[in-house]
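Here is a short walk through one protein fold, taken from the sheet outwards to a handful of residues. Have the viewer open as you read.

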Amino acid sequence: MKKTPARRDFIKLSALALGGLAFGPGLANGKPKNTHTLAKIAQGDEKLNIVCLGAHPGDPEFGCGGTMARYSEAGHKVTFLYVTRGEASDPQKTFAEMAVLRTKEAETSCAILQVSPLFFGEIDGNTVLDKDRNSGMEKQISLLDPDMVFTQWPVDGHPDHQVTGMLALTAWVRAKKKYHLYFYEVNTGTETMGFTPTDYVDITSTHEKKKAAMFAHKTQDPINTYNDYFKPLEEFRGLESGVKQAEAFIHFKAEGQRALISGLK
Ligand SMILES: [Zn+2]
């Protein structure tokens, strides 16, 4: 998300979006890290470790802050892994000045959502997809040892979003697909493109908290960004899924978990 172009309740959510939480035997090429059952998740007996990547401070909040707030409220551990600190977002300020400002905004936002911020150390507008970065992200995610990773959909008009999505995808492949990978959308139509959701999460209950987290990014013109892009998107995803406001995801399933089309074997 840049300043300028720049599932009902949790139990039902589990049944829809997080059917994948029942780490099935079908994870191709890799052993499931854990065996979660929907009943356990729904009862909150088992705490998940969730990592959410974003290219810039604000991307995870705007893209899936309502869902992440639901996870943290349910007692799951959530880490926002910001690939950059949004250094390039104001030509009137130096990268160092913006990094300080946007790091503070990210920390404020994460405190509202009760998630932990972490910074990967790349520079806004200058992210690179290469051997070293792929190895670095593989190691970083391995250290965090997640059950689920959320990241930006890489078909996106912003190169940093492309890089962020692909770094996460490569790390997931190298981890032998042992955790679940979900993609989220931002500024759909101008940034995210070609996004056909597989799963929806009802964020009606956490919507106000999400708004507060978004609006903590004061340098990013958050009110106009919300009104122009994210308010209509939340309502549209809500209409699609039969709730007031929703966030949508693509669950990037391992080959063996792909659904079968009815009538075909
Ligand atoms: Zn962004």
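What follows is a tour of a predicted model, beginning with the sheet and ending in the loops.

**The sheet**

Let's start with the overall layout. The model has an open sheet of 7 strands, and their order across it is 3-2-1-4-5-7-6, with mixed pairing. At the edges sit strand 3 (116-122) and strand 6 (199-202), each of which pairs on one side only. Going from one strand to the next, the twist averages 25°.

Strand pairing in general is a backbone affair: hydrogen bonds hold the strands together, in either a parallel or an antiparallel sense. Both kinds turn up here. Strand 1 (residues 49-54) runs parallel to strand 2 (residues 77-84), and 6 bridges link them. If you want a landmark in that pair, look for Gly54, which stands opposite Tyr82 in strand 2. Strand 7, on the other hand, is antiparallel to strand 5, with 2 bridges, and antiparallel to strand 6 too, with 4 bridges.

Two helices are worth picking out against this background. Helix 4 (residues 95-113) packs on the sheet and touches strand 2 and strand 3, its direction making about 150° with that of strand 3. Helix 6 (residues 159-174) lies across strand 1, strand 2, strand 3, strand 4 (148-152) and strand 5 (180-184), and it runs at about 155° to strand 4.

**Strand 7 and its partners**

How many residues of strand 7 are buried? The count is 6 of 6. In a regular strand, side chains alternate between the two faces of the sheet. Here both faces of strand 7 are covered: Ala246, Ala248 and Ile250 are buried on one side, and Glu247, Phe249 and His251 on the other.

His251 belongs to strand 7 (residues 246-251). Its relative accessibility is 5%, so His251 counts as buried, the cut-off being under 20%. The side chain of His251 also makes a polar contact with the side chain of His180, at 2.8 Å.

Over in strand 5 you'll find Phe183, whose bridge partner in strand 7 is Ile250. Phe183 is buried because its relative accessibility is 2%. Leaving out residues up to four places away in sequence, Phe183 touches a list of residues that includes Trp153, Pro154, Phe195, Phe249 and Phe252. Phe183 and Phe150 are 33 residues apart in sequence, while their C-alpha atoms are 5.5 Å apart in space. On the strand 6 side, Asp199 has Phe249 as its bridge partner in strand 7.

**A buried arginine**

Back to helix 4, which is where Arg102 sits. Which side chain of opposite charge is nearest to Arg102? That would be Glu105, at 4.3 Å; Arg102 is buried yet has no salt bridge. The reason is the distance: a salt bridge calls for a side-chain nitrogen within 4 Å of a carboxyl oxygen, so a separation of 4.3 Å to Glu105 doesn't qualify. There is a polar neighbour, though: the backbone oxygen of Gly86 is 3.4 Å from a polar atom of the Arg102 side chain. Beyond its neighbours within four places in sequence, Arg102 is in contact with His56, Pro57, Arg85, Gly86, Ser89, Asp124, Thr219 and Gln220.

**Out in the loops**

Most residues other than glycine have a negative phi. Two loop residues in this model go the other way:

| Residue | Phi | Loop | Relative accessible area |
|---|---|---|---|
| Lys176 | near 60° | between helix 6 and strand 5 | 52% (exposed) |
| Asp221 | near 45° | between helix 7 (207-215) and helix 8 (222-241) | 33% (partly exposed) |

Why is Lys176 classed as exposed? Exposed means over 50%, and Lys176 has a relative accessible area of 52%. Asp221, at 33%, counts as partly exposed.

One more lysine rounds off the tour. Lys244 lies in the loop between helix 8 and strand 7, and Lys244 is exposed, with a relative accessible area of 61%. Setting aside neighbours within four places in sequence, Lys244 is in contact with Thr204, Glu234, Glu235 and Gly238. From Lys244 to Ser205 is 9.7 Å, C-alpha to C-alpha, and the two are 39 residues apart in sequence.

Technical notes. Residues are numbered from 1 along each chain as its sequence is written. This is a predicted model: local features need pLDDT of at least 70, side-chain atom pairs count only at pLDDT 80 or more; totals for chains, interfaces and linings use all residues. Side-chain values use heavy atoms; hydrogens and water are left out. Two strands pair if DSSP finds at least two bridges between them. Axes are lines fitted to C-alpha atoms, for helices over the stretch in contact, and angles run from 0 to 180 degrees between N-to-C directions. Contact means heavy atoms within 4.5 Å. Buried means under 20% relative accessible area, exposed over 50%, partly exposed in between (1.4 Å probe, protein chains only). Lys and Arg count as positive and Asp and Glu as negative; His and the chain ends are not counted. A polar contact is a pair of N or O atoms within 3.5 Å; within protein, one must be able to donate a hydrogen and the other to accept it, and residues adjacent in sequence count only if both atoms are side-chain atoms.
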